[in-house]
Amino acid sequence: MEWPEDLIQSAKRRMEPYDTEGFVLGNGDPESEIMIVGEAPGENEAVKGIPFIGRAGDELDKQLQYLGINREDVYITSVARSRPYKWVKTNKKGSGGMRKANRKPNNKEVLAHAPLLDYQIKEMDPKVIIALGSVAYLRLTGRKDKMTDVLGERIETPIQQLNEEGDEYIPTEKTYTLIPLYHPAAVFYNPKIKEDIYASLDKVKTYLNKETENRSS
Ligand code: URA
């Protein structure tokens with residue numbers, strides 16, 4: 001995907017006030033009909049510049065495999081493109097007693113990088129957007145639904161885009177197909193949701209298969 005340099009530079013400037021590092025635009029096939037939107041890069045991703053290559057990435061790959069999708073055939077990105085971190089105590093030798101830990105991006109950080117996702121959605125015009133977790137779901141739809149209530153549902157909805165001033169979201173006129181799923185890291189914190197995850201993936205599978213059938217008939 002071609003990126004206007006001034007868009008990148010302005011997004012980086014908008015993020016400067018916050019505790020974030022690295023910059024990961026996305027990865028995969030920009031011609032794909034499927035866009036997958038996560039939260040923000042973690043430590044591994046920020047170092048390598050590739051989304052979802054850490055532990056959450058392994059889990060995402062497993063779930064994509066279940067859907068019969070290759071990572072190379074979809075486009076993977078996130079609402080914030082820099083790694084949000086916080087300082088935490090550590091006993092590790094040579095660390096000076098503190099280390100950086102990953103954290104979720106807050107609303108201001110998501111807003112700072114909103115022009116990037118807006119641009120990408122306009123350029124790609126994806127048939128389906130998969131929102132991984134509540135941060136992506138809220139950014140894209142503005143809805144505060146509980147993830148458990150919308151998991152794997154196909155939602156026809158406008159997407160939130162930044163206004164011209166760049167400080168508030170407004171809904172698009174166009175309606176998009178959006179499917180919310182748990183963020184792949186969620187199962188690490190709560191292994192009990194595994195059944196719900198696979199039930200939601202089954203819904204996605206049914207939907208994607210139907211789309212393929214419709215197209216070939
Ligand atoms: N979580 C995300 O949302 N994106 C990544 O790239 C890694 C973890």
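# Notebook: helices, odd phi values, charges

In α6 I find Val135, Ala136, Tyr137, Arg139, Leu140 and Thr141 buried. I am working on a predicted model. That makes six of the eight residues of helix α6 (residues 134-141), so this helix is largely enclosed by the rest of the structure. I then looked at what comes next: α6 is followed by Gly142, with a positive phi near 75°.

**Entry on α5**

I asked how many residues of α5 are buried. Nine of the 11 are, so α5 too is put down as largely enclosed by the rest of the structure. My list of its buried residues is Ala114, Pro115, Leu116, Leu117, Asp118, Tyr119, Gln120, Ile121 and Met124.

Just after α5, Asp125 takes a positive phi of about 45°. I noted this one because most residues other than glycine have a negative phi. Asp125 is not a glycine, and its place is the loop between α5 (114-124) and β7 (128-132). Its relative accessible area is 40%, so I call Asp125 partly exposed.

**Entry on Phe52**

Phe52 is another non-glycine residue with a positive phi, about 50° here. I located Phe52 in the loop between α2 (43-48) and α3. Is Phe52 buried or exposed? With a relative accessible area of 9%, Phe52 is buried, since the cut-off for that is under 20%.

**Entry on salt bridges**

I searched the whole structure and got 12 salt bridges. I went through some of them.

Arg215 and Glu33 meet through their side chains at 3.1 Å, N to O. This pair links distant parts of the chain, 182 residues apart: Arg215 sits in helix α9 (residues 194-216), and Glu33 in the loop between β2 (27-28) and β3 (34-38). I have Glu33 as partly exposed, at 34% relative accessibility.

Next I looked at Lys104 with Glu39, whose closest N and O atoms are 3.0 Å apart. Lys104 lies in the loop between β6 (98-102) and α4 (107-112) and Glu39 in the loop between β3 and α2, so this salt bridge ties together parts that are 65 residues apart in sequence. Glu39 counts as buried, because its relative accessibility is 10%.

Then I checked a pair within one helix. Glu59 forms a salt bridge with Lys62, at 3.4 Å between the closest N and O atoms. Why are these two separated by about one helical turn? They are three residues apart in helix α3, which accounts for it. I looked up the cover of each partner: Glu59 is buried, with a relative accessible area of 9%, while Lys62 is partly exposed, at 42%.

I also found a network of salt bridges that links Glu21, Arg83 and Lys100.

**Entry on Lys86**

I placed Lys86 in strand β5 (residues 83-89). Its relative accessibility is 41%, so I count Lys86 as partly exposed. Which residues does Lys86 touch, not counting those up to four places away in sequence? I get Arg99, Lys100, Ala101, Asn102 and Arg103. Of these, Lys100 already appeared above, in the network with Glu21 and Arg83. I also took a C-alpha to C-alpha distance from Lys86 to Asp145: they are 27 Å apart in space and 59 residues apart in sequence.

**Entry on Glu72**

Glu72 is in the loop between α3 (55-67) and β4 (75-78). With a relative accessible area of 55%, Glu72 is exposed. Leaving out residues up to four places away in sequence, I find Glu72 touching Gly28 and Asp29. How far apart in space are Glu72 and Lys89, C-alpha to C-alpha? My value is 38 Å, for two residues that are 17 apart in sequence.

**Entry on the acidic patch**

Last, I looked at charge on the surface. Glu164, Glu165, Asp167 and Glu168 gather there in a patch of negative charge. I followed up one of the four, Glu168, which is found in the loop between β8 (155-162) and β9 (169-181). Glu168 is exposed, since its relative accessible area is 51% and exposed means over 50%.

Key
Residues are numbered from 1 along each chain as its sequence is written. This is a predicted model: local features need pLDDT of at least 70, side-chain atom pairs count only at pLDDT 80 or more; totals for chains, interfaces and linings use all residues. Side-chain values use heavy atoms; hydrogens and water are left out. Patches are made of residues with over 30% relative accessible area and no salt bridge: like charges are joined within 9 Å, nonpolar side chains (Val, Leu, Ile, Met, Phe, Trp, Tyr) within 5 Å. Accessible areas come from the Shrake-Rupley method with a 1.4 Å probe; for residues, only the protein chains shown count as cover. A salt bridge is a side-chain nitrogen of Lys or Arg within 4 Å of a carboxyl oxygen of Asp or Glu. Lys and Arg count as positive and Asp and Glu as negative; His and the chain ends are not counted. The place of a charge is taken as NZ of Lys, CZ of Arg, CG of Asp or CD of Glu. Buried means under 20% relative accessible area, exposed over 50%, partly exposed in between (1.4 Å probe, protein chains only). Contact means heavy atoms within 4.5 Å.
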